[in-house]
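Got the viewer open and a selection tool at hand? Here is a walk through the chain, stop by stop.

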Amino acid sequence: KLYYDGSKKFETTSTGATVTGDLNATNDVIITGSGEFYGFDNSKLVLGHGRDLQIYHDGSNSYINESGTGDLIIESSHIVLKDSGTQVFETTNSGIRLQDNHTLILGSGNDLQIYHDGIASYIADTGAGVLKLLTDGFRVRNGADNENIIKADQNGSVELYYDNSKKFETTSAGVSVTGGIVGSADATINSVNIGKGANSVS
């Protein structure tokens, strides 16, 4: 046992040593084997001269609290997040990845959800309001990105395609159709019925 001013500060035990008070080290503290750095509830691992980073457990939840100078930066070549042992999220060299049937949820009411169920991909707007896509130019293309399906431009036309061939287009005067039009009922243009009814034009 070692004392300071009659107060015990250091004691060896059958399992190691006990320090009463602070332990100051000017170099590394190394834990070898399968040892642990152990603290009770509300004991904190505090780093930084300004106590900037704190890691602790309060008995109910665990915290990584960065409240000092600068940002909290987590840096690794590959980061994996698991929920109860099941991987739900990971970083890759090209971005981030959510596993099948795990959803990116946006909005306090779970309003916007983006996910893949292993078969198809979904963008689900299930909350308040409408789903808006804000852009000066909008394109829907095939998976290989070499065929148009829909094209739309601000202050311009909307075009619909079949097998990469434009079939329908809005214009400043109305619409333009390339090819035939097949309908299941009569149509009226400028008060003229086009179909099989009375006064029809065929």
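Which residue in β8 does Asp-83 stand opposite? Select the two and you'll see that the partner is Thr-86. One thing to keep in mind as you click around: this is a predicted model.

**Stop 1: the hairpin you just landed on**

Widen the selection to residues 80–83, which are strand β7, and 86–92, which are strand β8. The two pair in the antiparallel sense, with four bridges between them. Two residues separate the strands in this hairpin, and Ser-84 has a positive phi near 55°.

**Stop 2: zoom out**

Now show the whole chain as a cartoon. You'll count 19 strands and zero helices. The radius of gyration is 33 Å, while the globule rule gives 17 Å for 202 residues, so the chain is more spread out than a compact globule. If you draw a box along the principal axes, the C-alpha atoms fill roughly 115 × 30 × 30 Å.

Try a contact map next. Take the contacts with a separation of 6 or more: residues 24 or more positions apart account for 0% of them. Colour by burial, and buried residues come to 7% of the 202. Switch on the surface and you're looking at about 16,800 Å² exposed by the chain, with 50% of that supplied by carbon and sulfur atoms.

For the electrostatics-minded, colour by charge: there are 14 positive and 25 negative side chains. The centres of those two sets lie 2 Å apart.

**Stop 3: the start of the chain**

Go to Thr-13, in strand β2. Thr-13 has a relative accessible area of 33%, which makes it partly exposed. Put a distance label from Thr-13 to Lys-1: they are 12 residues apart along the chain, and their C-alpha atoms are separated by 9.5 Å.

Step along to Ser-14, in the loop between β2 (7–13) and β3 (16–19). Is Ser-14 buried or exposed? Exposed is the word, because its relative accessible area is 80% and the cut-off for that class is over 50%. Now try a long distance label: from Ser-14 to Gly-129 is 67 Å, C-alpha to C-alpha, with their positions 115 residues apart in sequence.

**Stop 4: β5 and β6**

Select 53–57 (strand β5) together with 62–66 (strand β6). These run antiparallel and are joined by five bridges. For one pair to highlight, pick Gln-54 and its bridge partner in β6, Asn-65. The hairpin has four residues between the strands, and Gly-59 shows a positive phi near 100°.

**Stop 5: two asparagines with positive phi**

Bring up a Ramachandran plot for this one. Asn-110 sits in the loop between β10 (104–106) and β11 (112–116), and its phi is near 55°, positive in a residue other than glycine. With 40% relative accessibility, Asn-110 counts as partly exposed.

Then jump to Asn-190, in the loop between β18 (187–189) and β19 (192–194). Its phi is positive too, at about 50°, although Asn-190 is not a glycine. Asn-190 is exposed, with a relative accessible area of 73%.

**Stop 6: β13, β14 and β15**

Save some time for this stretch. How many bridges join strand β13 (residues 137–141) to strand β14 (residues 148–153)? Five, and the strands run antiparallel. Six residues lie between the strands of this hairpin, among them Asp-145, which takes a positive phi near 60°.

Add residues 158–162 to the selection: that's strand β15, which pairs with β14 in the antiparallel sense over three bridges. Another hairpin is formed here by β14 and β15, with four residues between them, and Asn-155 in the turn has a positive phi of about 60°.

Lys-151 is a handy residue to centre on. It is the bridge partner in β14 of Arg-139, and Lys-151 also stands opposite Glu-159 in β15. Show those three side chains as sticks. As a general reminder while you orient the view, side chains in a regular strand alternate between the two faces of the sheet.

Finish at Thr-135, in the loop between β12 (121–125) and β13. At 41% relative accessibility, Thr-135 is partly exposed. One last distance label goes from Thr-135 to Gln-154: the two are 19 residues apart in sequence, and 7.8 Å apart in space, C-alpha to C-alpha.

Notes:
Residues are numbered from 1 along each chain as its sequence is written. This is a predicted model: local features need pLDDT of at least 70, side-chain atom pairs count only at pLDDT 80 or more; totals for chains, interfaces and linings use all residues. Side-chain values use heavy atoms; hydrogens and water are left out. The radius of gyration is taken over C-alpha atoms; the globule rule is 2.2 Å times the number of residues to the power 0.38. Buried means under 20% relative accessible area, exposed over 50%, partly exposed in between (1.4 Å probe, protein chains only). Contact means heavy atoms within 4.5 Å. Accessible areas come from the Shrake-Rupley method with a 1.4 Å probe; for residues, only the protein chains shown count as cover. Lys and Arg count as positive and Asp and Glu as negative; His and the chain ends are not counted. The place of a charge is taken as NZ of Lys, CZ of Arg, CG of Asp or CD of Glu. Two strands pair if DSSP finds at least two bridges between them.
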